Amino acid sequence: MIWSDFHRTKWNEATNFAWKNFTTPTVRRMFSFLTVLGKAALPRDKLKELTGLLQEMKTTYSVAKICRYDARLRRLPSGDYDYDAEFEADDDNQIGCIPTLPLEPHLTQMMANSRDPDELRYLWRAWREAAGKPIRQKYLRFVELSNEAARLNGFSDAGEYWRSDYEIDGFREEVEELWQKLSPLYQQLHAYVRAKLVEKYGEEVVPRRGPIPAHLLGNMWAQTWTNVLDMTIPYPGRTSVDVTNALRIQGYSPLAMFRLAEEFFTSLGLEPMPQTFWQRSMIQKPTDREVVCHASAWDFCNGRDYRIKQCTEVTMEHLVTTHHEMGHIQYDLLYRNQPFIFRDGANPGFHEAVGDVLALSASTPRHLQSVGLLGNVDDSYETDINFLFAMALDKIAFLPFGYLMDQWRWEVFSGDTTSSNLNNRWWELRLGVQGVSPPVPRTEEDFDPGAKFHVPANVPYVRYFVSFVVQFQFHAELCKAAGHEGPLHRCDIYRSVKAGRLLRNVLSLGKSRPWTEALSVLTSGRTNKLDVEPILEYFGPLRTWLESQNRGELIGWRENEAIVLQVTRSNASLITGAVLAVIALVLLVALV
Ligand SMILES: C[C@H](N[C@H](C(=O)O)[C@@H]1CCCN1C(=O)[C@@H](N)CC(=O)O)C(=O)N1CCC[C@H]1C(=O)O
Ligand SMILES: [Zn+2]
C-alpha cells in the first residue's frame with residue numbers, strides 16, 4: 001500500500017501520540033507493532049525502487065541455470081580438467097554452452113549424489129557465477145534503501161529493525177552466547193566428518209587439519225550434511241534412518257508425503273489442513289512455467305486460504321521439509337482467531353520450529369518402523385549412534401551456518417562490512433565459524449552470499465538458528481507431557497493428545513504475548529529463556545562417542561591450511577590476457 005504524503009503526516013502525528021501511556025497492555029502492544037511501518041515509511045519513489053530491486057534479485061535467483069559439466073570437453077594437455085574453460089566466452093562471446101540446469105531439482109540432487117570433486121567444484125562455482133555474482137550491485141543499493149527505511153522507523157539500521165522482532169535487549173549477545181555453548185559439539189562433528197572425507201577423497205583434496213572444502217558436503221551451501229551420511233555413518237550395515245529408498249519402493253508420491261505429515265499433526269489433536277490447502281497448494285514442480293521452487297508456506301490472512309509451494313522430490317530430506325512447511329501452516333491455523341496484528345509467531349524462531357519439532361519424533365527409527373518405512377529396528381547402541389549421527393548431520397552441522405548468515409548481514413547493514421570486503425568477510429565467517437573453505441579462489445568480483453535464497457529474497461536467517469535451539473526445548477517439554485521415559489532422542493510424541501494440547505496452548509497465543517511468556521507456558525513456568533540444555537542432552541550419547549572416535553584428530557581447523565584446489569587456468573586465457581595487456585600498453589604509449 002502506498003501512503004500519500006497526507007496520510008504519512010497524519011500517521012506520524014498519531015504514532016507520536018501518547019499511545020505508550022495506554023493502560024491496557026494488549027492495546028499498547030498492538031500499537032507498538034502498528035506504528036512500525038517498515039518499508040512503507042519510504043517516499044514513494046524509493047519504495048518503488050526497493051521493491052523493484054527485490055523482485056529482480058529474486059527472479060535472478062529463481063531462473064538461474066548453469067551448463068552441464070562435461071569433463072570430456074575440458075581437458076588440458078596435462079589431462080587435468082580445464083576448469084575455467086566453462087566460463088570462457090567463445091569467439092562469438094557466448095559462454096561455451098547453453099545453460100540448462102536449474103537449482104531444483106538438478107543441482108540440488110547433483111550436489112547430494114556426485115562423488116567427483118571436479119564435478120562438484122564445477123557445480124559449486126557455476127551456481128555462484130549464475131546466481132550470486134549478477135546481483136552484487138543490486139544488493140548494495142538494496143541495503144542502502146533498507147537502512148533508509150529502518151531509520152525512518154526509528155532504528156539505526158535494518159539489522160536493528162530485524163532484531164526488534166525478538167523484543168529483548170541484547171539479543172545479539174544472547175545468540176553469540178548460545179553459539180559459544182554449542183560450538184564444541186559442532187567441532188567434534190566437523191573433525192569426524194573431515195576424517196571420513198579424507199578417507200574418501202584423500203588429503204590432496206581434504207586437508208586433514210584444515211577446513212573442509214565446501215563443495216564436498218552434499219549441499220550447495222554446506223548448510224546440512226545429511227547427503228554424506230553414506231560416507232560417514234558410524235556403523236555401516238546397521239539401521240540407517242535414510243528412508244529415501246523405502247519411500248520410492250513403496251511408491252510414495254508428493255501428495256502421500258503431505259498426507260503422512262498431516263496425519264502426524266492430527267494424531268496430536270491438532271488442525272487438519274483445510275480443503276483449500278489441498279486445492280490450491282503447489283506441491284510439485286510444474287512443467288509449463290518457471291516458478292520459485294524454494295519451498296515456502298503461505299497464510300492468505302482470511303482464516304481459510306493457506307498454501308504450500310514446494311517442488312517436492314520423493315526423498316527423506318523432502319519429507320522433513322514437508323513437515324517443516326506444514327508446521328508453518330499449523331501455526332497460522334492455531335492463531336487465526338487472534339486480532340490480525342497478533343497473527344504471527346511469538347518470535348520468528350518459533351515459526352520455524354513447529355514443523356521441525358514433529359519431525360524430531362517422526363524421524364525416530366521406532367516411528368519410521370511404525371509407519372512401515374523401516375524394517376526391523378533393534379534397540380542396540382549402534383542403531384542409536386547411527387540415528388543420532390544422522391540427526392547431527394542435519395541439526396548440529398546447520399548451527400554455524402544458521403548463526404553466520406545474519407552475523408554477516410547485520411555487519412553489512414551496520415556498515416562494518418562494505419563493498420570493499422563484502423565477499424571476503426563472508427569467507428572469513430565461513431572459515432572462522434563453520435570451518436569450510438571455498439574450492440576455488442574467491443574475490444570481490446564474486447558475491448557468494450547472493451547465491452543463497454534468503455539473501456536475494458531478503459528473508460532474515462537467525463530465526464533458523466533460534467529454531468534449532470528452541471525446537472529441542474519444545475521437544476523436551478512435549479515428551480514430558482506425553483509421558484515419555486528414557487533418553488530424549490528416543491522420544492516419539494505421535495498420538496499424544498496431551499502433548500498436542502500443550503503445543504496448541506502455546507501456539508494459539510500467536511504474537512499476542514512476548515515469546516518469553518509463551519516459553520513460560522511451554523515449560524510450566526520453569527524457564528522463559530532460550531536454553532541449549534535440551535539439544536545438548538539429546539545429542540549427549542553422540543558427543544561421548546565422537547570424543548572417543550576423535551582421539552588423535554585435531555579438533556577445529558588451521559585456517560591457513562585451506563587447500564584451494566588450483567583452478568587449472570587454460571593456457572589460452574593466460575596468453576590472451578598477456579597479449580591484450582601488451583596492446584593496451586602500446587596504445588597508451590602511442591597516445592601520450
Ligand atoms: C525450505 C525453507 N523455506 C522457507 C521456510 O519455510 O522457512 C521459506 C522461504 C523463506 C521463508 N519461507 C516461508 O515459507 C515463510 N513464508 C514461512 C513463514 O514465515 O510463515 C527454508 O528456507 N529453510 C528451512 C530450513 C532452513 C531454511 C533453508 O532452506 O535454508
Ligand atoms: Zn520455515
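Which side chain has an N or O atom 2.9 Å from an oxygen atom of ligand 1? The exercises below treat this and related points.

The structure is a predicted model, in which local features need pLDDT of at least 70, side-chain atom pairs count only at pLDDT 80 or more, and totals for chains, interfaces and linings use all residues. Residues are numbered from 1 along each chain as its sequence is written, chains are lettered from A and ligands numbered from 1 in the order in which they are written, and side-chain values use heavy atoms, with hydrogens and water left out.

**Exercise 1.** Identify the polar contacts of ligand 1 and describe its shell.

*Solution.* Step 1: A polar contact is a pair of N or O atoms within 3.5 Å; within protein, one must be able to donate a hydrogen and the other to accept it, and residues adjacent in sequence count only if both atoms are side-chain atoms. The side chain sought in the opening question is that of histidine 454, at 2.9 Å from a ligand oxygen. Lysine 452 places a polar side-chain atom 2.7 Å from an oxygen atom of ligand 1, and for glutamate 325 the distance is 2.8 Å.

Step 2: The protein buries 82% of the 610 Å² that ligand 1 exposes when taken alone (Shrake-Rupley method, 1.4 Å probe; for residues, only the protein chains shown count as cover).

Step 3: Ligand 1 is surrounded by 16 residues (a heavy atom within 4 Å). Helix H13 gives the most to this shell, with 3 residues (helices, H or I, have at least four residues and strands, E, at least two; both are DSSP runs numbered from the N terminus).

**Exercise 2.** Determine the zinc donors and the setting of the two histidines.

*Solution.* Step 1: Donors are N, O and S atoms within 2.8 Å of the metal (3.2 Å for Na, K and Ca); water is not among the atoms, so sites may look incomplete. His324 (NE2), His328 (NE2) and Glu352 (OE) coordinate the zinc ion (ligand 2) at 1.9 to 2.0 Å.

Step 2: Along the chain, these donors follow the spacing H-x3-H-x23-E. Both histidines belong to helix H13 (residues 316–334), where they are 4 residues apart, about one turn of the helix.

Step 3: Histidine 324 counts as buried because its relative accessible area is 12%, and histidine 328 is buried as well, at 11% (buried is under 20%, exposed over 50%, partly exposed in between; 1.4 Å probe, protein chains only).
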